[in-house]
2 protein chains.
Amino acid sequence: MKLIEDKIRTYGEVLPGDILKVDCFLNHQIDVSLLAEAGREFHRLFADAGVNKILTVEASGIAVACLAAQQFGCEVLFAKKTVGSNAGSASRYCAECRSYTKGRVYQLSVTSRYLTPEDRVLILDDFLAEGNALNALLSLCEQAGAAVVGCGVIIEKAYQGGGDSIRSRGIRVESLARISSMTEDGTLTFC
Amino acid sequence: MKLIEDKIRTYGEVLPGDILKVDCFLNHQIDVSLLAEAGREFHRLFADAGVNKILTVEASGIAVACLAAQQFGCEVLFAKKTVGSNAGSASRYCAECRSYTKGRVYQLSVTSRYLTPEDRVLILDDFLAEGNALNALLSLCEQAGAAVVGCGVIIEKAYQGGGDSIRSRGIRVESLARISSMTEDGTLTFC
């Protein structure tokens, strides 16, 4: 999607450690009109898939999911990294997820009554690199017996292989911007 | 706002420890169409305030903020509870915040270049109880020299006093549903 690629070219910063910093429009400050356009694109791509729920993970994924859900007319469910006392004693599906940028392992979880075999789920997130978050979300859907129609992300760092690994399992993955290479001097190439 | 009160009456559960569980529509599963209505109401309330930025805190606040930001045509900035390597070495404003439902203290922070004296900020969140999160967000704005036009929340537990304490400082606080009492047998009364 040219709009996203242009935004990355203009505002993205490459940091040491193979990090693409896009926190001025995606994962700290949020350009809501850009994400509304992204939501329309996800809807165009998955319009016929019978999506009734969008699954994502806190925190930045929530913005992506909510603006897409407006197009699909469905609810969002976000997996939590920590569970508070307001969750009560409800039973949960859990999956481990290593954060690439935070260097720690989270236990992602969803309350089991919100993800069921009746659901047709679109999984959305902001970033796809090694695929850790998407794999954990796919595991939650599998545990629930929910059908996954596919995954969508705003930015895929394609050279890290997470997306192709998921595609090789027959799961549809759509990325609005796919980066094929990134160097520390700030040179980005899109697929 | 009757729509929110009805939703709380129908789907809210009172848990031991003075907890109102609304995770089927607000802070785990998200009823996006309800939050879009809430966003329209916040816009009606603050339409003339010259808002150019909505500040919230991860995670559930992001949904509230994004759907309101669509009405205001402005960007969202969410304060982070943890800072990852994708933040780089940017300077940050920080404020302590105790989570009522997680029983822990977070260091909320925003990158200083995204919150400036030019900003007219509306602070939004899902819940207001003791006011810890709003007070931390107000502190971030104060550190930045940003003007706060007011605060808005979906649900205020008015009897916990956080909202009135902020109002007593001359800051406008709007709540779409204000709970005046809540008992463990599930009886809720709205102001």
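Here are some notes on the predicted two-chain model above, mostly about how chains A and B meet.

1. Ground rules. Local features need pLDDT of at least 70 and side-chain atom pairs pLDDT 80 or more, while totals for chains, interfaces and linings use all residues. Residues are numbered from 1 along each chain as written, chains are lettered from A in written order, and side-chain values use heavy atoms, with hydrogens and water left out.

2. The interface overall. Counting contact as heavy atoms within 4.5 Å, 47 residues of chain A touch 47 residues of chain B. The buried area (accessible area, 1.4 Å probe, lost on putting the two parts together and summed over both) comes to about 3,900 Å², with 52% from carbon and sulfur atoms. On the chain A side, His28(A), Gln29(A) and Asn86(A) lose the most area to chain B, together 18% of what that side buries.

3. Polar and charged links. The rule for a salt bridge (side-chain nitrogen of Lys or Arg within 4 Å of a carboxyl oxygen of Asp or Glu) finds two across the interface. Glu13(A) and Arg113(B) form a salt bridge, at 2.9 Å from N to O. There are also 19 residue pairs in polar contact, both residues at pLDDT 80 or more; that term means N or O atoms within 3.5 Å, one able to donate a hydrogen and the other to accept it, with sequence neighbours counted only if both atoms are side-chain atoms.

4. What chain A brings. Helix 3 of chain A gives the most to this side, seven residues. (Helices are DSSP H or I runs of at least four residues, strands E runs of at least two, numbered from the N terminus.) By class, the chain A side has 22 nonpolar, 13 polar and twelve charged residues, with Gly put among the polar ones.

5. Strands across the chains. Strand 3 of chain A runs antiparallel to strand 5 (residues 75-79) of chain B, joined by two bridges; DSSP must find at least two for strands to pair. Here Gln29(A) sits opposite Leu77(B).

6. The mixed sheet. One open sheet has seven strands in the order 11(A)-10(A)-9(A)-8(A)-4(A)-5(A)-3(B), with mixed pairing. Its edges are strand 11 (188-190) of chain A and strand 3 (29-30) of chain B. Inside chain A, strands 4 and 8 run parallel, with three bridges, and Leu55(A) faces Ile123(A).

7. A helix pair in chain B. The axes of helix 1 (residues 2-11) and helix 2 (residues 32-46) of chain B come within 10 Å and cross at roughly 145°; axes are lines fitted to C-alpha atoms over the stretch in contact, with angles from 0 to 180 degrees between N-to-C directions. Residues making the contact include Leu3(B) and Ile4(B) from helix 1 and Leu34(B) from helix 2.
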